[in-house]
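Visitor: I am new to this structure and would like to learn how to read it. Could you please guide me?

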Amino acid sequence: MIKRPRRLRVSKQIRDLAHEVSVDKSDLIYPMFIIDGKTEDIASMPGIKRYSLDDLPKALNEVTAAGVKAVLYFGIPKRKDETGSEAYNDDGIVQRAIRLTKELYPELIVIADICLCEYTSHGHCGIVGHECVVNDKTLPFLAKAAVSCAKAGADIVAPSDMMDGRVAEIRDALDKNSFENVLIMAYSVKYASAFYGPFRDAADSAPAFGDRKSYQMDFRNRKEALIETQLDIDEGADIIMVKPALPYLDIVKTISEKFSAPLAVYHVSGEYSMIKAAAQNGWINEKAVVMESLTAMKRAGAKMLITYYAPEAAKWLEEM
């Protein structure tokens, strides 16, 4: 007779005691868009806004009251140019948001996204020459942006550009400017995904020409994920990331088993908007689907969950 594991047909309290994986408030990171202008709703991401500095304190009060302990900032500047100079302007929109946040909530962990796409007139993640992104010319600009955000008070910088060598360049620049304790969360495995559509609306960062497939990863590749992650760790990444999350849980599992560095996943805009739209139509139970999804990410090996559902998930965890 085959002996099967016995399922626990018992009370919820005992099931909760015996379950293998849990989501905790401390796992959650809330991505926020900060605009140099007036607060705006994002049509393709219901419930998500681009916050002005005037409205940011109220939003942060709600975030911290829910129990979320970390935010990830993306900036939308008033002015864009060929080199994305607002990304490394010490008085740029993200830098001002970081300073304001640290004044109001010094214990809140602030992560600054480091990329040029929101700041360049062409919408690409690096410096462009002859309609191609020039990898090596981009690196010093990314390092300047990281140092500028560290000066403003960022606890972690998160390069999302996918340029080769950017982690080493940023680590060197941070160390030379006495920011040895500022961590690097590397977007190590970032696929060229169709799930980013709503984010590009939110960040006003759609490329003016071409696409990002020459520097983001081919979604058909698995071994490349291992190579890219190892390179980032070798260059000094403190935290690694897989993006998107749910369609790539096989990659999350592979990376979590291969590497010991803390692993984050990004539950991206397209994933959020699909769940939200289905819930608004009454097709799914939003809370149940979100919590199942976040738990799947943890079960696959993620330690940190970057999700637009962070404040809601934190409140739902109180109810569970």
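Guide: The following turns go from the whole chain to single residues. This is a predicted model, in which local features need pLDDT of at least 70, side-chain atom pairs count only at pLDDT 80 or more, and totals for chains, interfaces and linings use all residues. Residues are numbered from 1 along each chain as its sequence is written, and side-chain values use heavy atoms, with hydrogens and water left out.

Visitor: How many helices and strands are there in the protein chain?

Guide: Helices (H or I, at least four residues) and strands (E, at least two) are DSSP runs, numbered from the N terminus. The protein chain has 11 helices and 12 strands. Its radius of gyration, taken over C-alpha atoms, is 20 Å, and the globule rule (2.2 Å times the number of residues to the power 0.38) gives 20 Å for 320 residues, so the chain is as compact as a globular protein of that length. Along the principal axes, the C-alpha atoms fill a box of roughly 70 × 45 × 40 Å.

Visitor: What share of the 320 residues is buried?

Guide: Buried means under 20% relative accessible area, exposed over 50%, and partly exposed in between (1.4 Å probe, protein chains only). Buried residues make up 53% of the 320 residues. Contact means heavy atoms within 4.5 Å. Of the contacts with a separation of 6 or more, 75% join residues 24 or more positions apart.

Visitor: How many disulfides does the structure hold?

Guide: A disulfide is a covalent bond between the sulfur atoms of two cysteines. The criterion here is a pair of cysteine sulfur atoms within 2.5 Å. The structure holds 0 disulfides. C125 is in none, as the nearest cysteine sulfur, that of C115, is 3.5 Å away. C125 counts as buried, at 1% relative accessibility.

Visitor: Why is the sulfur of C132 not in a bond with the closest cysteine sulfur?

Guide: The closest cysteine sulfur to that of C132 belongs to C125 and is 14 Å away, which is too far for a bond. C132 counts as partly exposed, because its relative accessibility is 48%.

Visitor: Which residues other than glycine have a positive phi?

Guide: Most residues other than glycine have a negative phi, and most peptide bonds are trans. M162 has a positive phi, near 70°; M162 is placed in the loop between β8 (156-159) and α5 (166-176). S178, which is not a glycine, also has a positive phi, of about 65°, and is found in the loop between α5 and β9 (183-190).

Visitor: Is M162 buried or exposed? Is S178 buried or exposed?

Guide: M162 is buried, with a relative accessible area of 6%. S178 is exposed, with a relative accessible area of 56%.

Visitor: Where is the cis peptide bond that involves P244?

Guide: The peptide bond from K243 to P244 is cis, and its omega is near -5°. P244 lies in the loop between β10 (239-243) and α8 (249-258).

Visitor: What does F219 touch?

Guide: Leaving out residues up to four places away in sequence, F219 touches Y191, A192 and Y248. F219 lies in the loop between α6 (197-203) and α7 (223-235). F219 is exposed, with a relative accessible area of 54%. From C-alpha to C-alpha, F219 and G197 are 16 Å apart in space, and they are 22 residues apart in sequence.
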